[in-house]
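I am keeping these notes while I look through a structure for myself, entry by entry. The sequence and the model come up below, and my entries follow.

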There are 2 protein chains.
Amino acid sequence: MSRLVECVPNVSEGRRGDVIDRMADAIRGVDGVRLLDRTSDIDHNRSVFTYAGEPEPVMQATHALVDLAFDEVDMRTHKGEHPRLGAVDVVPFVPLAGVTMDECVALAHRFGREVAARHDVPVYFYAKAAMRPERVRLPDIRQPQYEGLGALIDTTHAPDLGPRRVHPSAGAIVVGARPFLIAFNIELASTDLRLAQRIAKEIRESSGGLPAIQAKGFMLTDPPRAQVSMNLLDFTQTSLARVWREVESRANAAGVEVKRGELIGLIPLDAALQVAAEALRLEGFTRDRVIETHFLE
Amino acid sequence: MSRLVECVPNVSEGRRGDVIDRMADAIRGVDGVRLLDRTSDIDHNRSVFTYAGEPEPVMQATHALVDLAFDEVDMRTHKGEHPRLGAVDVVPFVPLAGVTMDECVALAHRFGREVAARHDVPVYFYAKAAMRPERVRLPDIRQPQYEGLGALIDTTHAPDLGPRRVHPSAGAIVVGARPFLIAFNIELASTDLRLAQRIAKEIRESSGGLPAIQAKGFMLTDPPRAQVSMNLLDFTQTSLARVWREVESRANAAGVEVKRGELIGLIPLDAALQVAAEALRLEGFTRDRVIETHFLE
């Protein structure tokens, strides 16, 4: 059965369609890699590529993308609203199936070493691959941005690998490993925004709620209805089923029904099977009990 | 993405381990076919092979199995408790993914034609592939058994294809198409066998309950607890989630909790995703939203 890793590089180019197309082609050109999603934002002047495959082809595709981006993007002339340090701003490796987080950390470290050697660029490690506690959070690393990095690179922002010198055209690169992030929204059969906000506050980790959950209450329009919008930062800590139950019970206690769930983008099979296993109270319901998993590449 | 068909032939040999091993090898020997399960019963003197793959490799594997079984099994000396007509007693084709029931009916009819021509054996079509209403149910076709078939083959049991003459060593073969069958049990937190039997009676199709559901109440031992044991004959008609809800609400109404669910064997991805989609009230949650489906062979 396959071992699957996802990689979600953010590249500082969101305007030149032909260049972005060639970046997508460079990823797709590697055998065994599937490009699952690509989004570009003109205001941010930034593109995000989501692809997956066995670890080695994913490494190869990521090198191909970095090679092309370093040829095409010049940070000296780059403008965009989103904070960034370099031409390839951040490269997270994400375990999907049959691969541990430790293996993804090892992949990130290896990729960082290879990129530093190949392009003579400063490398920072973040999230699970961070080498110092103050580099776990991406915004902390990215705070000076490309323009301010040179002034700090000898002191607070000394790179984990590579030269203590900003690469003139490519800036710096942040490489890491993190769990799969699931964006999941629950719509309430109500226009009570305050209820959605209260539920969000009660369930999010930052105010003492569920582990690895970010949540916010929103008002949707046309028709107006309240929504609890969530990120599951690690579905092995808090599952979709758990989040559903916690939101539903709080809504019901306020006399409000939950209307529907909404998943943004793709999710890993294990996250879906977890929901089925919990709904049917199945013990030992692992992915090999699903026929199709025996036909994975 | 792959198109997957399952085939579950029942062969009249359950005692000679070396012969059964060679049958399994014949199936596994076909590129693109996965043998998912094999079970043999000494008293029944019968083996069941479960395998899947794209339609063409599955056809090829089934021919390889029939060729070997026809060489090895002699119905003139076969004894066993389970009713049977021939060396390869029944060959059902089952749509798993990306394949319709109509396509499986066409596969069954083609396979029947090919087997009749290749082995000069009488062929009966059953279930969705039946050509006459009285041949939908397998027990009706199999009723005379191998020993009694010769007396009826010119009248009520004229084959749908092939000679009106029982094959001396191989008997006859029944070929068909049917939906995937899911065996699913729900354990009650109770020793009330009558409650399990009442719930089973209320939900099974034969007493006016849910479509395509068979159900029976059982008593399990060590520790004693009551169980509702079900077959879902077509999960697109009645889902696992629906069955769970119907059993749970009836148990709860009697003051009894449901303890756990138990799935026997493997299930198709779509059956699991259906449960997740229902639990999270997701609209349009199709299999392509699961990352791994993009890596199917």
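**Entry 1: one leucine**

In which helix of chain B is the place of Leu269(B)? I looked it up in this model, which is a predicted one, and found Leu269(B) in helix 8 of chain B. I then counted its surroundings: 24 other C-beta atoms lie within 10 Å of Leu269(B), and because 20 or more are needed for a residue to count as buried, Leu269(B) is buried.

I also looked at what Leu269(B) touches, leaving aside residues up to four places away in sequence, and I noted contacts with Ala97(B) and Arg287(B) in its own chain and with Val290(A), Ile291(A) and Glu292(A) in chain A. A further pair caught my attention, for Leu269(B) and Leu96(B) are 173 residues apart in sequence, while their C-alpha atoms are 8.5 Å apart in space.

**Entry 2: where the two chains meet**

Those contacts with chain A led me to the interface, where 35 residues of chain B are in contact with 35 residues of chain A. On the side of chain B, the elements that give two or more residues are strand 3 (34–41), strand 5 (88–97), helix 7 (240–253), strand 11 (258–264) and helix 8 (269–279). Helix 8 of chain B, the helix that holds Leu269(B), gives the most to this side, with six residues. I sorted the residues of this side by type and wrote down 25 nonpolar, three polar and seven charged.

How are the two chains placed with respect to each other? I noted that chain B is superposed on chain A by a rotation of 180° with 0.0 Å of shift along its axis, at an RMSD of 0.0 Å, and that this is the relation of a two-fold axis. I also checked which surface each copy uses, and since 100% of the interface residues of chain B are also interface residues in chain A, the copies meet through the same surface.

**Entry 3: helix 6 of chain B**

Which residues are buried in helix 6 of chain B? In this helix, residues 193–203, I found Ala196(B), Ile199(B), Ala200(B) and Ile203(B) to be buried. Seen down the axis of helix 6 of chain B, these buried residues fall within an arc of 100°, so they line one face of the helix. I followed that face to its partners, and the buried residues of helix 6 pack against strand 8 (182–188), strand 9 (213–220), strand 10 (225–232) and helix 7 of chain B.

**Entry 4: chain A as a whole**

I then stepped back to chain A, which has eight helices and 11 strands. The radius of gyration of chain A is 21 Å, close to the 19 Å that the globule rule gives for 297 residues, so chain A is as compact as a globular protein of that length. Its C-alpha atoms fill a box of roughly 60 × 45 × 40 Å along the principal axes, and 45% of its 297 residues count as buried. Among the contacts in chain A with a separation of 6 or more, 70% join residues 24 or more positions apart.

**Entry 5: the two domains of chain A**

My last look was at the division of chain A into domain 1 (4–177) and domain 2 (182–292), whose centres, taken over C-alpha atoms, are separated by 30 Å. The contact between them takes four residues from domain 1 and five residues from domain 2. On the side of domain 1 that touches domain 2, strand 3 (34–41) and strand 5 (88–97) of chain A are the elements that give two or more residues, and the residues of that side divide into three nonpolar, no polar and one charged.

Technical notes
Residues are numbered from 1 along each chain as its sequence is written. Chains are lettered from A and ligands numbered from 1 in the order in which they are written. This is a predicted model: local features need pLDDT of at least 70, side-chain atom pairs count only at pLDDT 80 or more; totals for chains, interfaces and linings use all residues. Domain bounds come from an automatic or database domain assignment. Two residues are in contact if their C-beta atoms, placed from the backbone, lie within 7 Å. Helices (H or I, at least four residues) and strands (E, at least two) are DSSP runs, numbered from the N terminus. Ala, Val, Leu, Ile, Met, Phe, Trp, Tyr, Cys and Pro count as nonpolar, Asp, Glu, Lys and Arg as charged, and the others, Gly among them, as polar. The radius of gyration is taken over C-alpha atoms; the globule rule is 2.2 Å times the number of residues to the power 0.38. A residue is buried if 20 or more other C-beta atoms lie within 10 Å of its own, exposed if 12 or fewer, and partly exposed in between; C-beta atoms are placed from the backbone. Copies are superposed by least squares on the C-alpha atoms of residues with pLDDT of at least 70 in both. The arc is that of the directions from the helix axis to the C-beta atoms.
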